[in-house]
Amino acid sequence: AMEAIGAMLLDALPSEEECTPAENAPPSTILRGLRYREGVTQVRLASLTGISQRDISKMETGKLAIGKERAKVLARALNSDYRLLL
């Protein structure tokens with residue numbers, strides 16, 4: 001029964017062709033994805049980085065450029081490479 005459920009879940013996933021490669025995603029989307037991957041809220045990320053929750057929200061919606069220095073701070077907190085956020 002578990003194998004059948006697993007197969008159903010795999011069938012429900014989008015194919016590779018339907019997924020947008022990360023390198024084509026805007027930095028705002030990548031930031032949001034990294035934060036979700038690490039299970040961190042915007043408030044928690046703000047406390048880890050010293051960047052305000054308001055600015056993190058703006059960066060995730062593309063209303064504020066991340067920039068190299070903030071990218072380095074955010075990437076360190078999210079266990080990632082800052083270049084993904086540029």
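# A guided tour, starting from helix α5

Begin by selecting helix α5 in this predicted model, and colour Ala-71, Leu-74 and Ala-75, which are the buried residues to look for in that helix. If you turn the view until you look down the axis of α5, these buried residues fall within an arc of 100°, so they line one face of the helix. Now add Glu-69 and Arg-76, which are exposed on the other side of α5. What do the buried residues of α5 pack against? Show α2, α3 and α4 as well, since these are the helices that the buried residues of α5 pack against. Before leaving this part of the chain, select Asn-79, which follows α5 and has a positive phi, near 50°.

Next, zoom out to the whole protein chain, where the secondary structure comes to 5 helices and 0 strands, with the elements running α-α-α-α-α from the N terminus on. Of the 86 residues in this chain, 24% are buried. Among contacts between residues at least 6 apart in sequence, 47% join residues that are at least 24 apart.

The next selection is the largest nonpolar core, which has 16 residues, and within it Leu-31, Leu-45, Ile-56, Met-59, Ile-66, Leu-74 and Leu-85 touch the most other members. Colouring the core by helix is a helpful step here, for α2 (27–38), α3 (42–49), α4 (53–60) and α5 (68–77) each supply at least two of its residues. Pick Leu-45 from this group and display its surroundings: leaving out residues up to four places away in sequence, Leu-45 touches Leu-31, Arg-35, Val-40, Ile-56, Leu-74, Ala-77 and Leu-78.

One of those partners of Leu-45 is Arg-35, which has its place in helix α2 and is the next residue to select. Is Arg-35 buried or exposed? Arg-35 has a relative accessible area of 7%, and because buried means under 20%, Arg-35 counts as buried. The charged end of Arg-35 sits over the ring of Tyr-36, 4.9 Å from its centre. Apart from residues up to four places away in sequence, Arg-35 touches Val-40, Thr-41, Gln-42, Leu-45, Glu-60 and Leu-78.

From that list, move on to Glu-60, which has its place in helix α4 and is buried, with a relative accessible area of 4%. Which side chain makes a polar contact with the side chain of Glu-60? Display Gln-42, because its side chain makes that polar contact with the side chain of Glu-60, at 3.0 Å. When neighbours within four places in sequence are left aside, Glu-60 is in contact with Ser-28, Leu-31, Arg-32, Arg-35 and Gln-42.

Keep Ser-28 in view and add Gly-62, which lies in the loop between α4 and α5. Gly-62 counts as exposed, with a relative accessibility of 53%. Although Gly-62 and Ser-28 are 34 residues apart in sequence, they are 5.4 Å apart in space, taken from C-alpha to C-alpha.

For the last stop, select Lys-72 together with Tyr-82, where the charged end of Lys-72 sits over the ring of Tyr-82, 5.2 Å from its centre. A search of the structure for aromatic pairs gives 0.

Definitions and conventions:
Residues are numbered from 1 along each chain as its sequence is written. This is a predicted model: local features need pLDDT of at least 70, side-chain atom pairs count only at pLDDT 80 or more; totals for chains, interfaces and linings use all residues. Side-chain values use heavy atoms; hydrogens and water are left out. A nonpolar core is a set of buried Ala, Val, Leu, Ile, Met, Phe, Trp, Tyr and Cys residues joined through side-chain atoms within 4.5 Å. Buried means under 20% relative accessible area, exposed over 50%, partly exposed in between (1.4 Å probe, protein chains only). Helices (H or I, at least four residues) and strands (E, at least two) are DSSP runs, numbered from the N terminus. Contact means heavy atoms within 4.5 Å. Rings of Phe, Tyr and Trp (its six-membered ring) pair if their centres lie within 6.5 Å; planes under 30 degrees apart count as stacked, over 60 as edge-to-face and the rest as tilted. A charge sits over a ring if NZ of Lys or CZ of Arg is within 6 Å of the ring centre and within 35 degrees of the ring normal. The arc is that of the directions from the helix axis to the C-beta atoms. A polar contact is a pair of N or O atoms within 3.5 Å; within protein, one must be able to donate a hydrogen and the other to accept it, and residues adjacent in sequence count only if both atoms are side-chain atoms.
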